[in-house]
Amino acid sequence: GALLQTGGVNYKTIVLTDVKYIPVETMNGLKQLAEKGANIIFYKHLPADIPGLGNLEQRQFAYRKIIDDLSFSAMANGSGKKAIVGKGSFLVGDDLGALLAETKAGRETLTDKGLQYARRSYTGGHYYFISNPGKTTVSEWLPLQVMEKNIAIYNPMTLAMGAAKTKMENGRVQVFLQLAGGESCILQTANAMIPGAAYPYYTITDQVQNLNGKWTLEFLNGGPTIPATTEITALGSWTDLPGEELKYFSGTARYSTHFTKPVFVVDSYLLDLGGVKESAELILNGKKIGVLLGPSYTLVIPAAQLSADNLLEIKVTNGMANRIVDLEKRGVEWKKFYNTNFPSRFPENRGSNGIFTAAKWLPEMSGLLGPVTIKGLQLLK
């Protein structure tokens, strides 16, 4: 059973990583947990000493007594040493995987694929929050260190949800995950059946349609001034277009174009905006279909949502950096903060008064950079 509860989560193994100093009270607490059945892993080495100077000799003696009472012996796999402490143990070694294996503590191997996760238990199962901080897509079977066989997936950005593909292998449940770079999902595992349809998994085909026709670029709101509407034939940063006011504009602009429905027949389409600085709201044939915040700017569109001719509108909002440059160059006092002189981090951003200035900044890329493409998707059966 669980020996340590914190934040509603139960633990039976504690790992201390390369700890050099530890209070004697903490060491005593760890020993008491071990006596009740906990496994205490010291990765790399045992703490060398205790912190602080008060009653130093007395506390050092107490700490040394705890260490001396431990009877370590080499582990069978030669990867460290282990001391039996009551119903539990203290383990020391350089191979964390081997130490965890010795305690029979299951290790989530999601991290081996570059994924990050947080896991919480609830009555009847577990919740996982899983994110892919990398740039490459993960699309494969992944084992989980839980026993529940029923798993539901929820994508907080696309709102897609449903029952996940699962299978059992070596006594552990495996779930099929598809996470693009920067994407995340929530898993719910349960002993009982989770009602709902199957989660949609897709494979990207090699069929592509490029949206490289004319675009209408209309600036909606922002400042310091609203640039005039223009027609463009190539996407890119609006700071590169003719006109000084475009270099300093911070706000929202709408890109509009018409495109025909792709001739290839698929289950759905993947609309890929390419590069965006910084966020994009998508409107298809007058209906809002999503908001994309990056780092990848893609959206699945069911084939039935496309007509023979389609109007795509993309509202792009950039950051405030370019507007700040304009304020600095015009000498507008915008740094109105209580009890701070707003020092600069880098010397090149330090003004003659010693305070931060953005006057030397170059315009930040802004807008829809593209290329915009529509790719074919097939449901993965």
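Ala 118 in strand β8 has Phe 129 in β9 as its bridge partner. This pairing offers a starting point for a walk through the structure, which is a predicted model. Strand β8 covers residues 116-122 and strand β9 covers residues 125-131; the two run antiparallel and are joined by seven bridges. Together they form a hairpin with two residues between the strands, and in this hairpin Gly 124 adopts a positive phi near 105°.

From the hairpin, attention may turn to an earlier part of the chain. Strand β4 spans residues 39-43, and Asn 39 belongs to it. Asn 39 has a relative accessible area of 13% and is therefore buried, since the limit for that term is under 20%. A polar contact of 2.9 Å links the side chain of Asn 39 to the side chain of Ser 89. Apart from residues within four places in sequence, the contacts of Asn 39 include Lys 12, Thr 13 and Ile 14, together with Gly 88, Ser 89, Leu 91 and Thr 103.

Empty space inside the model is the next subject. A probe the size of a water molecule, rolled over the atoms, shows where such space is left. The count comes to one cavity of 30 Å³ or more. The largest cavity holds about 50 Å³ of space. Its lining consists of Ile 153, Asn 155, Leu 177, Gln 178, Leu 179, Cys 185, Tyr 199 and Tyr 201. Strand β14, residues 172-179, supplies the largest share of that lining, with three residues.

Strand β16, residues 202-210, contains Gln 209, and Asp 206 is also found in β16. Which of these residues is buried, and which is exposed? Gln 209 is buried, because its relative accessible area is 17%, which falls under the 20% limit. Asp 206, by contrast, counts as exposed because its relative accessibility is 74%, and the term applies over 50%. In a regular strand, side chains alternate between the two faces of the sheet.

The surroundings of Gln 209 can be described further. Its side chain reaches the backbone oxygen of Thr 260 at a distance of 3.0 Å. Leaving out residues up to four places away in sequence, Gln 209 touches Phe 259, Thr 260, Lys 261, Pro 262, Val 263 and Phe 264, as well as Val 372, Thr 373 and Ile 374. For Asp 206, a distance to another part of the chain is available: the C-alpha atoms of Asp 206 and Ala 304 lie 20 Å apart in space, with their positions 98 residues apart in sequence.

Thr 260 leads to strand β19, which spans residues 250-260. This strand belongs to an open sheet of six strands in the order β18-β17-β19-β25-β22-β23, with antiparallel pairing. At the edges are β18 (230-232) and β23 (287-292), each of which pairs on one side only. From one strand to the next, the twist averages 25°.

Why is β19 described as largely enclosed by the rest of the structure? Eight of its eleven residues are buried, so the strand is largely enclosed. On one side, β19 is joined to strand β17, residues 215-223, by seven bridges in an antiparallel arrangement. Within this pairing, Thr 216 stands opposite Ser 256 of β19, and Glu 218 has Arg 254 of β19 as its bridge partner. Strand β19 also pairs with strand β25, residues 309-317, in the antiparallel sense over nine bridges. Arg 254 takes part here as well, with Lys 315 in β25 as its bridge partner.

The loop between β18 and β19 contains Asp 240. Asp 240 counts as exposed because its relative accessibility is 64%, where the term requires over 50%. Although Asp 240 and Ser 366 are 126 residues apart along the chain, their C-alpha atoms are separated by 9.1 Å.

Helix α4, residues 321-329, completes the route. Its buried residues are Asn 322, Ile 324, Val 325, Asp 326, Leu 327 and Glu 328. An α-helix has 3.6 residues a turn, so residues three or four places apart point the same way. Strand β19 is included in what covers the buried residues of α4. Just after the helix, Gly 331 takes a positive phi of about 75°.

Notes: Residues are numbered from 1 along each chain as its sequence is written. This is a predicted model: local features need pLDDT of at least 70, side-chain atom pairs count only at pLDDT 80 or more; totals for chains, interfaces and linings use all residues. Side-chain values use heavy atoms; hydrogens and water are left out. Helices (H or I, at least four residues) and strands (E, at least two) are DSSP runs, numbered from the N terminus. Buried means under 20% relative accessible area, exposed over 50%, partly exposed in between (1.4 Å probe, protein chains only). A polar contact is a pair of N or O atoms within 3.5 Å; within protein, one must be able to donate a hydrogen and the other to accept it, and residues adjacent in sequence count only if both atoms are side-chain atoms. Contact means heavy atoms within 4.5 Å. Two strands pair if DSSP finds at least two bridges between them. Axes are lines fitted to C-alpha atoms, for helices over the stretch in contact, and angles run from 0 to 180 degrees between N-to-C directions. On a 1 Å grid over the protein atoms alone, a cavity is a set of points where a 1.4 Å probe fits but cannot get out, and a pocket is an open set with protein on both sides within 12 Å along at least five of seven lines; lining residues have an atom within 4 Å of a point. Grid points are joined across faces, edges and corners, and a volume is the space filled by probe spheres set on the points.
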